[in-house]
Amino acid sequence: MAKMFENNGQKRYYKMLDIVKLACSCLVVMIHQGFGDSFAIIPCLTRQAVPFFFLVSGFFYAKRASNAKSVKSFTLSFAKRLLLIYLFWIVCWLPYIIKETVSTNAEKSILYVFFVIIRRVALAGWVPYWYILVFAEGIIILSLILRYQKYKLGWLFCICGLALNVVYRIPIQNGFCNLLNKGVYFVFSSESNVVMTGFPLLFIGAAAARHEDAIRHWKWSAVLLLYLLFVGGAFLLHPYSNRLFGIPFGILQALPLFALCLILADATIPVKNETSRLARDLSAVIYLTHTITLSILGYGLHLWNELLRFIIVVFVAMLVVAIGKKINWKPLKTVLMIH
(Lines give C-alpha, C1' and ligand atoms only; values in the text may rest on other atoms or scores of the structure.)
Protein backbone atom coordinates (compact mmCIF):
# COMPACT_ATOMS: atom_id res chain seq x y z
CA MET A 1 0.00 0.00 0.00
CA ALA A 2 1.09 3.58 -0.57
CA LYS A 3 2.70 5.25 2.39
CA MET A 4 1.67 8.80 1.48
CA PHE A 5 -1.77 10.26 2.12
CA GLU A 6 -3.42 13.65 2.01
CA ASN A 7 -4.03 15.19 5.43
CA ASN A 8 -5.82 18.53 5.51
CA GLY A 9 -4.52 19.27 2.03
CA GLN A 10 -0.94 18.32 2.88
CA LYS A 11 0.94 15.21 1.83
CA ARG A 12 1.94 12.99 4.73
CA TYR A 13 4.68 10.42 4.38
CA TYR A 14 5.17 7.53 6.78
CA LYS A 15 8.88 6.91 6.50
CA MET A 16 9.22 5.59 10.04
CA LEU A 17 6.66 2.87 9.33
CA ASP A 18 8.61 1.78 6.23
CA ILE A 19 11.92 1.68 8.09
CA VAL A 20 10.53 -0.22 11.08
CA LYS A 21 8.75 -2.68 8.78
CA LEU A 22 12.12 -3.48 7.20
CA ALA A 23 13.61 -4.03 10.64
CA CYS A 24 10.67 -6.28 11.56
CA SER A 25 11.18 -8.35 8.41
CA CYS A 26 14.75 -8.94 9.53
CA LEU A 27 13.44 -10.00 12.95
CA VAL A 28 11.18 -12.57 11.25
CA VAL A 29 14.23 -14.01 9.51
CA MET A 30 15.91 -14.34 12.91
CA ILE A 31 12.89 -16.22 14.25
CA HIS A 32 12.90 -18.76 11.45
CA GLN A 33 16.63 -19.44 11.46
CA GLY A 34 16.96 -19.77 15.23
CA PHE A 35 19.22 -16.75 15.62
CA GLY A 36 17.64 -15.92 18.95
CA ASP A 37 18.86 -19.11 20.60
CA SER A 38 22.29 -17.53 21.04
CA PHE A 39 21.39 -14.06 22.29
CA ALA A 40 18.70 -13.52 24.93
CA ILE A 41 17.75 -10.04 23.72
CA ILE A 42 16.82 -11.26 20.22
CA PRO A 43 13.83 -13.49 21.12
CA CYS A 44 12.70 -10.64 23.37
CA LEU A 45 12.42 -8.43 20.27
CA THR A 46 11.40 -10.77 17.47
CA ARG A 47 7.81 -11.48 18.57
CA GLN A 48 6.74 -7.88 17.96
CA ALA A 49 7.43 -8.16 14.22
CA VAL A 50 4.25 -9.80 12.88
CA PRO A 51 1.92 -7.91 15.28
CA PHE A 52 3.51 -4.70 13.97
CA PHE A 53 2.79 -5.81 10.39
CA PHE A 54 -0.89 -6.31 11.23
CA LEU A 55 -1.17 -2.92 12.94
CA VAL A 56 0.35 -1.17 9.93
CA SER A 57 -1.81 -3.15 7.50
CA GLY A 58 -4.99 -2.27 9.38
CA PHE A 59 -3.94 1.37 9.49
CA PHE A 60 -3.41 1.70 5.74
CA TYR A 61 -6.39 -0.49 4.85
CA ALA A 62 -8.66 1.86 6.82
CA LYS A 63 -7.18 4.91 5.11
CA ARG A 64 -7.65 3.47 1.64
CA ALA A 65 -11.12 2.11 2.43
CA SER A 66 -12.23 5.53 3.66
CA ASN A 67 -11.29 7.00 0.27
CA ALA A 68 -12.93 4.21 -1.75
CA LYS A 69 -16.27 4.72 -3.48
CA SER A 70 -17.44 1.38 -2.13
CA VAL A 71 -15.87 -0.24 0.93
CA LYS A 72 -17.38 -3.59 -0.08
CA SER A 73 -16.00 -3.66 -3.63
CA PHE A 74 -12.63 -2.31 -2.54
CA THR A 75 -12.32 -4.92 0.21
CA LEU A 76 -13.36 -7.84 -1.99
CA SER A 77 -10.92 -6.76 -4.69
CA PHE A 78 -8.12 -6.33 -2.17
CA ALA A 79 -8.86 -9.63 -0.40
CA LYS A 80 -8.94 -11.43 -3.75
CA ARG A 81 -5.50 -10.07 -4.61
CA LEU A 82 -4.12 -11.14 -1.23
CA LEU A 83 -5.55 -14.65 -1.62
CA LEU A 84 -4.03 -14.95 -5.11
CA ILE A 85 -0.65 -13.98 -3.68
CA TYR A 86 -1.12 -16.51 -0.88
CA LEU A 87 -2.11 -19.20 -3.39
CA PHE A 88 0.99 -18.53 -5.49
CA TRP A 89 3.37 -19.03 -2.56
CA ILE A 90 1.45 -22.05 -1.27
CA VAL A 91 1.72 -23.69 -4.70
CA CYS A 92 5.47 -23.06 -4.60
CA TRP A 93 5.65 -24.88 -1.26
CA LEU A 94 2.99 -27.51 -2.00
CA PRO A 95 5.43 -30.38 -2.80
CA TYR A 96 7.14 -29.84 0.56
CA ILE A 97 3.81 -29.51 2.38
CA ILE A 98 2.62 -32.81 0.90
CA LYS A 99 5.93 -34.55 1.67
CA GLU A 100 5.99 -33.34 5.27
CA THR A 101 2.34 -34.21 5.87
CA VAL A 102 2.72 -37.70 4.43
CA SER A 103 5.90 -38.41 6.42
CA THR A 104 4.39 -37.25 9.73
CA ASN A 105 1.17 -39.21 9.12
CA ALA A 106 2.66 -42.33 7.56
CA GLU A 107 0.24 -44.66 9.37
CA LYS A 108 -2.87 -42.66 8.46
CA SER A 109 -5.16 -43.19 5.48
CA ILE A 110 -4.82 -41.22 2.25
CA LEU A 111 -8.13 -39.48 2.95
CA TYR A 112 -6.88 -38.35 6.38
CA VAL A 113 -3.67 -36.99 4.87
CA PHE A 114 -5.68 -35.19 2.19
CA PHE A 115 -7.84 -33.40 4.76
CA VAL A 116 -4.78 -32.51 6.85
CA ILE A 117 -3.25 -30.82 3.79
CA ILE A 118 -6.52 -28.96 3.06
CA ARG A 119 -6.73 -27.83 6.69
CA ARG A 120 -3.12 -26.71 6.63
CA VAL A 121 -3.51 -24.70 3.45
CA ALA A 122 -7.02 -23.27 3.94
CA LEU A 123 -7.19 -22.72 7.71
CA ALA A 124 -3.84 -22.88 9.46
CA GLY A 125 -1.74 -21.35 6.70
CA TRP A 126 1.94 -22.02 6.09
CA VAL A 127 4.88 -20.19 7.65
CA PRO A 128 5.30 -17.30 6.98
CA TYR A 129 2.44 -16.97 4.48
CA TRP A 130 -0.27 -17.44 7.10
CA TYR A 131 0.01 -13.66 7.56
CA ILE A 132 -1.36 -13.05 4.04
CA LEU A 133 -4.23 -15.51 4.55
CA VAL A 134 -5.18 -14.01 7.91
CA PHE A 135 -4.84 -10.48 6.50
CA ALA A 136 -7.37 -11.30 3.77
CA GLU A 137 -9.78 -12.88 6.25
CA GLY A 138 -9.36 -10.04 8.73
CA ILE A 139 -10.11 -7.18 6.36
CA ILE A 140 -13.35 -8.84 5.27
CA ILE A 141 -14.55 -8.80 8.88
CA LEU A 142 -13.09 -5.34 9.42
CA SER A 143 -14.89 -4.00 6.35
CA LEU A 144 -18.24 -4.93 7.89
CA ILE A 145 -17.33 -3.10 11.10
CA LEU A 146 -16.28 0.01 9.18
CA ARG A 147 -19.14 -0.11 6.68
CA TYR A 148 -21.85 -0.25 9.34
CA GLN A 149 -19.83 1.76 11.89
CA LYS A 150 -20.16 -0.91 14.58
CA TYR A 151 -17.05 0.21 16.44
CA LYS A 152 -18.19 -0.99 19.86
CA LEU A 153 -18.77 -4.44 18.41
CA GLY A 154 -15.32 -4.26 16.82
CA TRP A 155 -13.73 -3.45 20.17
CA LEU A 156 -15.63 -6.34 21.77
CA PHE A 157 -14.30 -8.79 19.15
CA CYS A 158 -10.85 -7.27 19.51
CA ILE A 159 -10.69 -7.58 23.31
CA CYS A 160 -12.15 -11.09 23.28
CA GLY A 161 -9.66 -12.21 20.64
CA LEU A 162 -6.67 -10.83 22.54
CA ALA A 163 -7.97 -12.37 25.77
CA LEU A 164 -8.27 -15.76 24.09
CA ASN A 165 -4.72 -15.31 22.81
CA VAL A 166 -3.48 -14.99 26.39
CA VAL A 167 -5.66 -17.74 27.87
CA TYR A 168 -4.67 -20.10 25.05
CA ARG A 169 -1.03 -19.97 26.18
CA ILE A 170 -1.67 -20.57 29.88
CA PRO A 171 -0.10 -23.96 30.69
CA ILE A 172 -3.14 -25.52 32.36
CA GLN A 173 -3.98 -29.09 31.45
CA ASN A 174 -7.63 -29.06 32.45
CA GLY A 175 -10.73 -26.90 32.29
CA PHE A 176 -11.37 -24.11 29.80
CA CYS A 177 -7.69 -23.56 28.90
CA ASN A 178 -7.27 -27.18 27.88
CA LEU A 179 -10.53 -27.10 25.89
CA LEU A 180 -9.41 -23.90 24.14
CA ASN A 181 -6.04 -25.43 23.29
CA LYS A 182 -7.65 -28.52 21.80
CA GLY A 183 -10.22 -26.47 19.90
CA VAL A 184 -7.66 -24.09 18.40
CA TYR A 185 -5.29 -26.90 17.42
CA PHE A 186 -8.16 -28.81 15.85
CA VAL A 187 -8.97 -25.85 13.58
CA PHE A 188 -5.93 -23.60 13.24
CA SER A 189 -3.02 -25.31 15.09
CA SER A 190 -1.77 -22.07 16.71
CA GLU A 191 -2.84 -18.62 17.90
CA SER A 192 -1.68 -17.20 14.57
CA ASN A 193 -5.21 -16.92 13.21
CA VAL A 194 -7.81 -14.30 12.35
CA VAL A 195 -9.74 -14.61 15.63
CA MET A 196 -6.90 -14.31 18.14
CA THR A 197 -4.33 -12.25 16.25
CA GLY A 198 -5.39 -11.04 12.80
CA PHE A 199 -8.65 -9.16 13.36
CA PRO A 200 -7.78 -7.68 16.78
CA LEU A 201 -4.57 -6.09 15.49
CA LEU A 202 -6.05 -5.01 12.15
CA PHE A 203 -8.90 -3.35 14.05
CA ILE A 204 -6.52 -1.51 16.38
CA GLY A 205 -4.57 -0.32 13.33
CA ALA A 206 -7.82 0.87 11.73
CA ALA A 207 -8.82 2.62 14.97
CA ALA A 208 -5.44 4.37 14.96
CA ALA A 209 -6.21 5.67 11.46
CA ARG A 210 -9.45 7.21 12.78
CA HIS A 211 -7.71 8.79 15.76
CA GLU A 212 -4.36 9.54 14.15
CA ASP A 213 -4.39 13.26 14.96
CA ALA A 214 -5.04 12.55 18.64
CA ILE A 215 -2.24 9.96 18.75
CA ARG A 216 0.17 12.49 17.25
CA HIS A 217 -0.31 14.70 20.32
CA TRP A 218 1.01 12.01 22.64
CA LYS A 219 4.44 12.62 24.13
CA TRP A 220 6.91 10.55 22.13
CA SER A 221 9.25 10.27 25.13
CA ALA A 222 6.51 8.65 27.26
CA VAL A 223 5.60 6.20 24.48
CA LEU A 224 9.27 5.35 23.94
CA LEU A 225 9.67 4.73 27.67
CA LEU A 226 6.66 2.41 27.62
CA TYR A 227 8.14 0.50 24.69
CA LEU A 228 11.49 0.14 26.46
CA LEU A 229 9.74 -1.07 29.61
CA PHE A 230 8.02 -3.86 27.66
CA VAL A 231 11.30 -4.81 25.96
CA GLY A 232 13.09 -4.76 29.30
CA GLY A 233 10.33 -6.83 30.88
CA ALA A 234 10.63 -9.42 28.13
CA PHE A 235 14.39 -9.56 28.67
CA LEU A 236 14.03 -10.01 32.44
CA LEU A 237 11.47 -12.78 31.96
CA HIS A 238 13.48 -14.56 29.28
CA PRO A 239 13.10 -17.38 28.30
CA TYR A 240 9.56 -17.43 29.70
CA SER A 241 8.53 -14.28 27.78
CA ASN A 242 9.21 -16.08 24.49
CA ARG A 243 8.04 -19.59 25.32
CA LEU A 244 5.05 -18.74 27.51
CA PHE A 245 3.80 -15.35 26.34
CA GLY A 246 4.88 -15.46 22.69
CA ILE A 247 2.72 -13.28 20.47
CA PRO A 248 0.81 -11.60 23.38
CA PHE A 249 4.09 -10.27 24.74
CA GLY A 250 5.06 -9.17 21.23
CA ILE A 251 1.78 -7.27 20.94
CA LEU A 252 2.64 -5.27 24.06
CA GLN A 253 5.85 -4.19 22.33
CA ALA A 254 4.32 -3.60 18.91
CA LEU A 255 1.60 -1.23 20.16
CA PRO A 256 3.87 1.53 21.55
CA LEU A 257 6.31 1.02 18.67
CA PHE A 258 3.49 1.58 16.19
CA ALA A 259 2.27 4.65 18.09
CA LEU A 260 5.80 6.02 18.16
CA CYS A 261 6.04 5.69 14.37
CA LEU A 262 2.82 7.68 13.96
CA ILE A 263 3.96 10.37 16.37
CA LEU A 264 7.23 10.76 14.48
CA ALA A 265 5.71 10.45 11.00
CA ASP A 266 6.14 14.16 10.32
CA ALA A 267 9.57 14.35 11.89
CA THR A 268 12.40 15.39 9.63
CA ILE A 269 14.55 12.31 9.19
CA PRO A 270 17.41 12.01 6.69
CA VAL A 271 15.68 9.42 4.51
CA LYS A 272 14.68 10.14 0.92
CA ASN A 273 11.25 9.11 -0.33
CA GLU A 274 12.89 6.69 -2.78
CA THR A 275 14.80 5.06 0.08
CA SER A 276 11.60 4.77 2.09
CA ARG A 277 9.84 3.04 -0.81
CA LEU A 278 12.82 0.73 -1.27
CA ALA A 279 12.67 -0.20 2.44
CA ARG A 280 8.96 -0.98 2.04
CA ASP A 281 9.52 -3.22 -0.98
CA LEU A 282 12.55 -4.91 0.55
CA SER A 283 10.64 -5.72 3.74
CA ALA A 284 7.93 -7.48 1.72
CA VAL A 285 10.41 -9.48 -0.38
CA ILE A 286 12.47 -10.51 2.65
CA TYR A 287 9.31 -11.75 4.35
CA LEU A 288 8.09 -13.68 1.29
CA THR A 289 11.37 -15.23 0.13
CA HIS A 290 13.46 -15.81 3.24
CA THR A 291 12.16 -19.32 4.01
CA ILE A 292 13.06 -20.47 0.50
CA THR A 293 16.54 -18.97 0.76
CA LEU A 294 17.10 -20.46 4.22
CA SER A 295 15.96 -23.89 3.04
CA ILE A 296 18.34 -23.83 0.08
CA LEU A 297 21.23 -22.66 2.25
CA GLY A 298 20.58 -25.21 4.96
CA TYR A 299 19.30 -28.38 3.34
CA GLY A 300 20.84 -27.78 -0.07
CA LEU A 301 24.22 -26.21 0.68
CA HIS A 302 24.50 -27.29 4.35
CA LEU A 303 25.27 -23.74 5.39
CA TRP A 304 24.13 -23.17 8.97
CA ASN A 305 26.15 -20.16 10.13
CA GLU A 306 23.46 -17.81 11.41
CA LEU A 307 25.09 -14.47 10.59
CA LEU A 308 26.18 -15.54 7.12
CA ARG A 309 22.74 -16.98 6.36
CA PHE A 310 21.12 -13.73 7.48
CA ILE A 311 23.39 -11.63 5.24
CA ILE A 312 22.68 -13.89 2.25
CA VAL A 313 18.91 -13.71 2.83
CA VAL A 314 19.01 -9.91 2.77
CA PHE A 315 21.31 -9.86 -0.28
CA VAL A 316 19.06 -12.27 -2.22
CA ALA A 317 16.00 -10.15 -1.36
CA MET A 318 17.77 -7.01 -2.59
CA LEU A 319 18.61 -8.82 -5.83
CA VAL A 320 15.00 -9.94 -6.25
CA VAL A 321 13.73 -6.39 -5.69
CA ALA A 322 16.19 -5.04 -8.27
CA ILE A 323 15.12 -7.68 -10.82
CA GLY A 324 11.44 -7.09 -10.09
CA LYS A 325 11.76 -3.37 -10.68
CA LYS A 326 13.94 -3.86 -13.77
CA ILE A 327 11.61 -6.33 -15.46
CA ASN A 328 8.54 -4.30 -14.47
CA TRP A 329 6.22 -7.26 -15.13
CA LYS A 330 3.00 -6.71 -13.17
CA PRO A 331 2.32 -10.37 -12.17
CA LEU A 332 5.88 -10.68 -10.82
CA LYS A 333 5.60 -7.43 -8.88
CA THR A 334 2.21 -8.52 -7.55
CA VAL A 335 3.37 -11.82 -6.04
CA LEU A 336 6.47 -10.09 -4.63
CA MET A 337 4.29 -7.28 -3.23
CA ILE A 338 6.57 -4.55 -4.59
CA HIS A 339 5.51 -1.26 -6.16
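1. A good place to start in this predicted model is the pairing of helix α5 (residues 110-124) with helix α6 (residues 130-147), whose axes come within 9 Å and cross at roughly 60°. That crossing makes α5 oblique to α6.

2. Looking at who touches whom, V121, A122, L123 and A124 are the α5 residues that meet W130, L133 and E137 of α6. By character, the residues of this contact divide into six nonpolar, no polar and one charged.

3. Aromatic rings deserve a look too: a search of the whole structure finds 24 aromatic pairs. One of them joins F59 and F60, edge-to-face, with 5.0 Å centre to centre and 80° between the planes. F59 counts as buried because its relative accessibility is 0%, and F60 counts as buried at 1%.

4. F78 and F135 make another pair worth a visit: their ring centres are 5.6 Å apart and their planes stand at 90°, so this pair is edge-to-face. Here the pair links distant parts of the chain, with F78 in helix α4 (residues 71-104) and F135 in helix α6, 57 residues apart. F78 and F135 are both buried.

5. You may enjoy tracing the wider network as well. Ring pairs link F78 and F135 into a cluster with F53, F54, Y61, F74, W130, Y131 and Y287. Among these, W130 also takes part in the contact of α5 with α6.

6. Finally, two charges over rings. The charged end of R210 sits over the ring of Y151, 3.8 Å from its centre. For K108, the charged end sits over the ring of Y112, 5.2 Å from the centre of that ring.

Definitions and conventions: Residues are numbered from 1 along each chain as its sequence is written. This is a predicted model: local features need pLDDT of at least 70, side-chain atom pairs count only at pLDDT 80 or more; totals for chains, interfaces and linings use all residues. Side-chain values use heavy atoms; hydrogens and water are left out. Axes are lines fitted to C-alpha atoms, for helices over the stretch in contact, and angles run from 0 to 180 degrees between N-to-C directions. Helices (H or I, at least four residues) and strands (E, at least two) are DSSP runs, numbered from the N terminus. Angles under 35 degrees count as roughly parallel, over 145 as roughly antiparallel, 65 to 115 as roughly perpendicular and the rest as oblique. Contact means heavy atoms within 4.5 Å. Ala, Val, Leu, Ile, Met, Phe, Trp, Tyr, Cys and Pro count as nonpolar, Asp, Glu, Lys and Arg as charged, and the others, Gly among them, as polar. Rings of Phe, Tyr and Trp (its six-membered ring) pair if their centres lie within 6.5 Å; planes under 30 degrees apart count as stacked, over 60 as edge-to-face and the rest as tilted. Buried means under 20% relative accessible area, exposed over 50%, partly exposed in between (1.4 Å probe, protein chains only). A charge sits over a ring if NZ of Lys or CZ of Arg is within 6 Å of the ring centre and within 35 degrees of the ring normal.
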